[in-house]
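Trainee: I am new to this structure and would like a close look at a single part of it. Could you take me through the sheet in the second chain, and then show me what lies around it?

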Amino acid sequence: MGMLTMTALEAGRLIRERQISAVELTKAALQQIDRLEDKVHSFVTVDDKGALNQAESVQKQVNEGILTNPLAGVPMAVKDNMCTQGLKTTCSSKILSNFVPSYSSVAVSNLQSAGAVILGKSNMDEFAMGSTTETSAFGPTMNPWNLENVPGGSSGGSCTAVASEECFYSLGSDTGGSIRQPSSFCGVTGIKPTYGTVSRYGLIAYASSLDQIGPIAKDVSDCAAILETISSYDVKDSTSIKRNDYDFTSALVDDVKDMKIGIPRDYLTDGLDKEVKEHILKAVEILRERGAIVEEFDLSLVDYAIPAYYIIASAEASSNLSRFDGVKYGYRAKDTADLHQMYKKTRSEGFGSEVKRRIILGSFVLSSGYYEAYYIKALKTKALIKEAFNKAFQKYDMILGPTAPTTAPKLSESLKEPLKMYLGDIYTISVNLCGLPAISVPCGNDSKGLPIGLQLIGDCFKEKNIIRAAFSYEQTRSYKRCKLAQKGGEKHE
Amino acid sequence: MSKQYETVIGLEVHVELATKTKIFCGCSAKFGAVSNTHTCPVCTGMPGSLPVLNKQVVEYAVAVGLACDCDITQYCKFDRKNYFYPDNPQNYQISQLYLPICRNGKVEIEVDGRKKTVGIHEIHMEEDAGKLIHDEWEDCSLIDYNRSGVPLIEIVSEPDMSSAEEVIAYLDKLRLIIQYLGASDCKLQEGSMRADVNLSVREIGAKEFGTRTEMKNLNSFKAISRAIKGERERQIALIEDGKKVIQETRRWDDNKEHSYAMRSKEDAQDYRYFPEPDLMPIYISDEWIARIKAEQPELRTEKQRRYKEEYGIPEYDINIITNAKVLADIFEATIAIINRPKEISNWLMVENMRLLNENHLELEDIHFSPANLAGLIQLIEEGCINRTVAKEIFEEIFKHDIDPRAYVEEKGLNLVNNEGELRSVIERILADNPKSVEDYHSGKTKAMGFLVGQTMKKMKGKADPGIVNKIVMELL
């Protein structure tokens, strides 16, 4: 097995022990990218030179004992909606196709000061709007388990890059499931932390009240270590929350005895794929065997989460995306007669159709006469959903269910039926509406060989509960590599 | 005009707050810097940047609200006002619609001895926009984002005013309150105070309001006054002609004394307001309000009362001195050095005002130190200089803030009070003017004045006229 099969923490340990160098690892990852990008298209931008320079300087600092973070020197990928100083940040949109930020997002800076080596910027649904990574202006990303399928979205590139071993870990962002659903489709692990845990400063906003950055990696331990590194209280983000429990790795304990886990009855009925259900129930059995108390319960209002989410998210997006107008940065349409026409043409040409759909929807629900009927009602619904979860957490340490109702669909199937695509977010969306932490861990593959994800949802600030349960579950199985990664790995060995 | 009309006026006043930094970032809020040097990712709307509220803005807004007798909204929020324009880098303005920080206030105004209360509907906090510069020569537009994110409060009055005089009195009242609080310098010309006038007319006795228009671009009290008169006449003329007043926003051109329609209600934009998700709601506790109240400086009415009791200067003086915080500040600082209230107020009201007018300066341009004014008064009291010389020295203090004692020494302006020296000068003058001496002795006492004048002339004004008088009398 090659060095790319290691987890991020294993790689980091070998770097610190000087058994391997950050430069060697970076070169290996860049070779894998070189080999597989044509097939999977995980990246919008690969920064070979920058990565090798970082690797060299990080290795020096590790040798000198300046950098001690367990992730120091480990090559990784950043979703292309997080600003990286001097490195193009596009949100996979034509309108930002030439945008080079003058500053880095806080999550990225936190990683960089820990010694992360950034290989490049990973592909995503345009402005994180989509569940397939097909709405990217630079073409879709393919699922490494089957190149005819989508990797999920919107952090599809970040998940594919990890699954195909083009990097050891990555950052994603999750507004309605954008870390967890592609993690599930790609057979990797991803965490969406409690809202306010990771600074949003420098994350190009889709829906401000729902967006949260989180880690994607091969296993729970890596995710906990990454989350520990990127989390911080940030005065530049007014929604950032001061916590004193960023030591998420302390929850990597193999013990679920007496943990109370609830499964919403509605999460196992309509629309749930039979094979997905079987695997979820198998995982439940394992947790029970290990001492967890698992039972079904009625979580109310499950059906209202999707409409409430699409109203709130679209409303915020319609405003957040208005700054992209061709005036200050990014794409500007040519040959326009006046300001109004410049705005119109720039935005018509610069945005893709899914983004336009949500801007129009969001503008509509905020317009006078409709604001009360849609936006205010959605906010009320959100509050009621939050109450339902609060009630559940009085009884349970966490909520369990599938991450997505199906495994990865075929390419170009989803965008034909956007409403159906939106319904695929049913299990992930409430988590964002309520600001909760959740994790998706692989729990097997269906008969087509596509991965299935198990989702554990915790109460606010209770990442440690879900990390511990996911870690314990993970101990009962081994990480499954996709064939593409294996082949890629063999070639350069 | 057969019918009688009354004017109904409400004001929207924007005031730029005197904070060191902008409302949502750490950039300097200072006026007049080189274009785009007071900018950062936040105030230029860069992707991924986030606003962080400047606490001082809340404190100033609360202070103004308390001084205007407002209810403070203890749980208040910011909202986004969405509209596209290049001076607005995010294409939304962070403002307050649903829960403004202050509501239900009032201020007292006085016009021609009649008192009136003007209601304050609300005061809300918001960010200013950048500045567009249209370069006709190059046929392009440039943007300066230095002003983008400078904190503003908007004070919205009830439609309680009915004349230009009342509007001016109201604005003056607001200006004084805000200046005294130190929340803004409130300069209309520089745009740190801006007023939009909402005006309608109706027949006297009518219950319903007429259709109102909103007038913008009013850069001085005079312009406001002219615009109000102009708009009243325009609306009455329309009504008299049987035409309708259209609800619209109009732009006043003070050079042409005429207004132009900017946009009507029909094409008014839908701002799609919604709560700003990047900022947390603000909770203003009772303790916080109490602290702001406790730290609130003395306002004009309190000062007026105190001046009367403590200094006993005339009401006329009090009104002039307290009409600008700068004057009151100099007055008090000078008193702290030399306790001569009336003498100080005289200098400030007479010579100071004359020099301001002659040099076309504003009160804010006064830059002399109270210590030097106090020094000048000290010199007069010591009998070192006379009033004529004192005026000359005051002008130097006003212009160059000189130390009067050093100046007197340097220029040799000390009064010659050495009687021996004076006596010999006067003896010579009497000898040179025998005719006058004779006139005096023959009963023409006016001659004495001439002889004193001759002495002062000879002494180049540096003699104490009292002593000169005494010696002349003796020698005669």
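Mentor: Happy to; we will start with the sheet in chain B, then move to its surroundings and on to chain A. Please keep in mind that this is a predicted model.

The sheet is open and has nine strands, and its order in chain B is E2-E6-E7-E10-E1-E11-E12-E13-E14, with mixed pairing. At its edges stand strand E2 (71–72) and strand E14 (258–264) of chain B; each has a single partner strand, so one side of each is left without a neighbour in the sheet.

Now let your eye settle on E6 and E7. Strand E6 (residues 102–111) of chain B runs antiparallel to strand E7 (residues 114–127) of chain B, and nine bridges join them. You can find individual pairs across these two strands: B:Val107 stands opposite B:Val118 in E7(B), and B:Glu108 stands opposite B:Thr117 in E7(B). E6(B) and E7(B) form a hairpin with two residues between them. In the turn, look for B:Asp112, which has a positive phi of about 50 degrees.

E7(B) also pairs with strand E10 (residues 151–157) of chain B, in the antiparallel sense and over seven bridges. Here B:Ile123 has B:Ile155 in E10(B) as its bridge partner.

Another strand of chain B worth a visit is E4 (residues 79–82), which is covered on both faces. B:Asp79 and B:Lys81 lie on one side, B:Arg80 and B:Asn82 on the other, and all of them are buried. What does E4(B) pair with? One partner is strand E5 (residues 92–95) of chain B, joined in the antiparallel sense over four bridges, where B:Lys81 stands opposite B:Gln93. Strand E15 (residues 274–275) of chain B also runs antiparallel to E4(B), and two bridges join them. In that pairing, B:Asp79 stands opposite B:Pro275.

Let's step back to chain B as a whole. Chain B is divided into domain 1 (5–288), domain 2 (298–411) and domain 3 (419–475). The centres of domain 1 and domain 3 of chain B, taken over C-alpha atoms, are separated by 67 Å. Helix H4 (residues 286–295) of chain B contains B:Glu295. Is B:Glu295 buried or exposed? With 10 other C-beta atoms within 10 Å, B:Glu295 is exposed. B:Glu295 is 266 residues from B:Ala29 in sequence, and their C-alpha atoms are 23 Å apart in space.

Next comes the meeting of the two chains. In chain A, 32 residues are in contact with 24 residues of chain B. On the side of chain A that touches chain B, helix H9 (305–320) and helix H11 (353–366) of chain A each supply at least two residues. H9(A) gives the most to that side, with three residues. By type, the residues of this side of chain A divide into 13 nonpolar, 12 polar and seven charged.

Inside chain A, a good place to begin is helix H1 (residues 8–16), whose buried residues are A:Ala8, A:Leu9, A:Ala11, A:Gly12 and A:Ile15. Seen down the axis of H1(A), these buried residues fall within an arc of 160 degrees, so they line one face of the helix. An α-helix has 3.6 residues a turn, so residues three or four places apart point the same way. Among the elements that cover the buried residues of H1(A) are helix H2 (22–40), helix H3 (48–63) and helix H7 (220–230) of chain A. After H1(A) comes A:Arg18, whose phi is positive, near 60 degrees.

Two of those covering helices deserve a look of their own. In H7(A), 11 of the 11 residues are buried, so H7(A) is largely enclosed by the rest of the structure. Its buried residues include A:Val220, A:Asp222 and A:Glu228. Helix H3 of chain A holds A:Gln61, which counts as partly exposed, with 16 C-beta neighbours inside 10 Å. Leaving aside neighbours within four places in sequence, A:Gln61 is in contact with A:Ile66, A:Leu67 and A:Gly115.

Finally, the nonpolar cores. The largest has 152 residues, of which A:Met76, A:Val117, A:Leu119, A:Leu456 and A:Ala470 touch the most other members. Not counting residues up to four places away in sequence, A:Ala470 touches A:Val220, A:Ile439, A:Val441 and A:Leu456. A second, separate core of 64 residues includes B:Cys25, B:Ala67, B:Leu176 and B:Leu199.

Notes:
Residues numbered from 1 in each chain as written. Chains lettered and ligands numbered in written order. Predicted model: local features only at pLDDT ≥ 70, side-chain atom pairs only at ≥ 80, totals over all residues. Contact = placed C-beta atoms within 7 Å. Nonpolar A, V, L, I, M, F, W, Y, C, P; charged D, E, K, R; others polar. Core = buried A, V, L, I, M, F, W, Y, C linked by C-beta atoms within 7 Å. Buried ≥ 20, exposed ≤ 12 C-beta atoms within 10 Å, placed from the backbone. Pairing = 2+ DSSP bridges. Arc of directions from axis to C-beta. Domains from an automatic or database assignment.
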